[in-house]
Amino acid sequence: SDDFGAGKAIGFLFIPFYYLYWIFMYWPRLPQQLNFQYKLRGQNGPVSEGLALTRAILNFIPYIGFAANFLVITPILLSQTQSAVNGLVQQGSDLNSPQSAPFYG
């Protein structure tokens with residue numbers, strides 16, 4: 001119930017000073033929610049939550065943190081995220097059938 005939408009997630013990154021708080025909400029939460037969707041389907045989560053937290057922390061280290069973040073960590077994290085989303089979309093058609101839908105009642 002406390003999940004944020006895409007507009008809020010990206011929009012809050014542009015607010016001065018609030019950004020310093022929001023990067024610790026946005027980057028770690030994205031892999032958590034993707035991995036949660038995989039766990040609902042009985043699979044292991046493919047996105048590294050530790051890498052996302054590392055990405056948020058490295059924002060505060062001048063020069064080396066910036067270079068490591070944008071040249072190494074962010075491309076890996078975004079690649080994992082995109083692969084996870086693609087996997088969920090491919091599995092989505094299977095979840096529409098009554099036999100494979102999870103029971104929440």
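Start by selecting Q80, which lies in helix α4 of this predicted model. If residues within four places in sequence are set aside, the contacts of Q80 are with P46, V47, S48 and L51. Add P46 to the selection and compare the two C-alpha atoms: Q80 and P46 are 34 residues apart along the chain, while their C-alpha atoms are separated by 6.8 Å. Is Q80 buried, partly exposed or exposed? With a relative accessibility of 23%, Q80 counts as partly exposed, because the buried class ends at 20% relative accessible area.

Now show the whole chain as a cartoon, so that the helices can be picked out. The chain has 4 helices and 0 strands, and from the N terminus on its elements follow the order α-α-α-α. Of the 105 residues in the chain, 26% are buried. Among contacts between residues at least 6 apart in sequence, 53% join residues that are at least 24 apart.

Next, select residues 18-40, which form helix α2, together with residues 49-57, which form helix α3. Two packed helices are described by the angle between their axes and by the distance between those axes. Here the axes of α2 and α3 come within 8 Å and cross at roughly 170°, and the two helices are therefore roughly antiparallel to each other. To see what makes this contact, display I23, F24, W27, P28, P31, Q32 and N35 on α2, and E49, A52, L53, R55, A56 and I57 on α3. Sorted by class, the contact of α2 with α3 has 9 nonpolar, 2 polar and 2 charged residues.

With α2 still in view, turn to the nonpolar core. In soluble globular proteins, nonpolar side chains tend to be buried together. The largest nonpolar core in this model has 16 residues, and those with the most contacts inside it are Y26, W27, L34, V47, L77 and A84. Which elements give two or more residues to this core? They are α2, α3 and α4, and α2 gives the most, with 6 residues.

From the core, follow Y26 outwards to its neighbours: leaving aside residues within four places in sequence, Y26 is in contact with F4, A9 and L13. Then select Y19, whose place is also in helix α2. On the same basis, Y19 touches F12, L13 and N59, and at 29% relative accessibility it counts as partly exposed.

The last stop is in helix α4, which spans residues 64-95 and holds N69. Is N69 buried or exposed? Its relative accessibility is 0%, and N69 therefore counts as buried. Display its side chain together with R55, and you will find a polar atom of that side chain 3.1 Å from the backbone oxygen of R55. Not counting residues up to four places away in sequence, N69 touches R55, L58, N59, T74 and P75.

Finally, select A68, which lies in helix α4 as well. A68 is partly exposed, with a relative accessible area of 25%, and its contacts, again leaving aside neighbours within four places in sequence, are with L58 and I73. To finish, place a distance label between A68 and R55, which are 13 residues apart in sequence and 8.7 Å apart in space, C-alpha to C-alpha.

How values were computed: Residues are numbered from 1 along each chain as its sequence is written. This is a predicted model: local features need pLDDT of at least 70, side-chain atom pairs count only at pLDDT 80 or more; totals for chains, interfaces and linings use all residues. Side-chain values use heavy atoms; hydrogens and water are left out. Axes are lines fitted to C-alpha atoms, for helices over the stretch in contact, and angles run from 0 to 180 degrees between N-to-C directions. Angles under 35 degrees count as roughly parallel, over 145 as roughly antiparallel, 65 to 115 as roughly perpendicular and the rest as oblique. Contact means heavy atoms within 4.5 Å. Ala, Val, Leu, Ile, Met, Phe, Trp, Tyr, Cys and Pro count as nonpolar, Asp, Glu, Lys and Arg as charged, and the others, Gly among them, as polar. Buried means under 20% relative accessible area, exposed over 50%, partly exposed in between (1.4 Å probe, protein chains only). A polar contact is a pair of N or O atoms within 3.5 Å; within protein, one must be able to donate a hydrogen and the other to accept it, and residues adjacent in sequence count only if both atoms are side-chain atoms. A nonpolar core is a set of buried Ala, Val, Leu, Ile, Met, Phe, Trp, Tyr and Cys residues joined through side-chain atoms within 4.5 Å.
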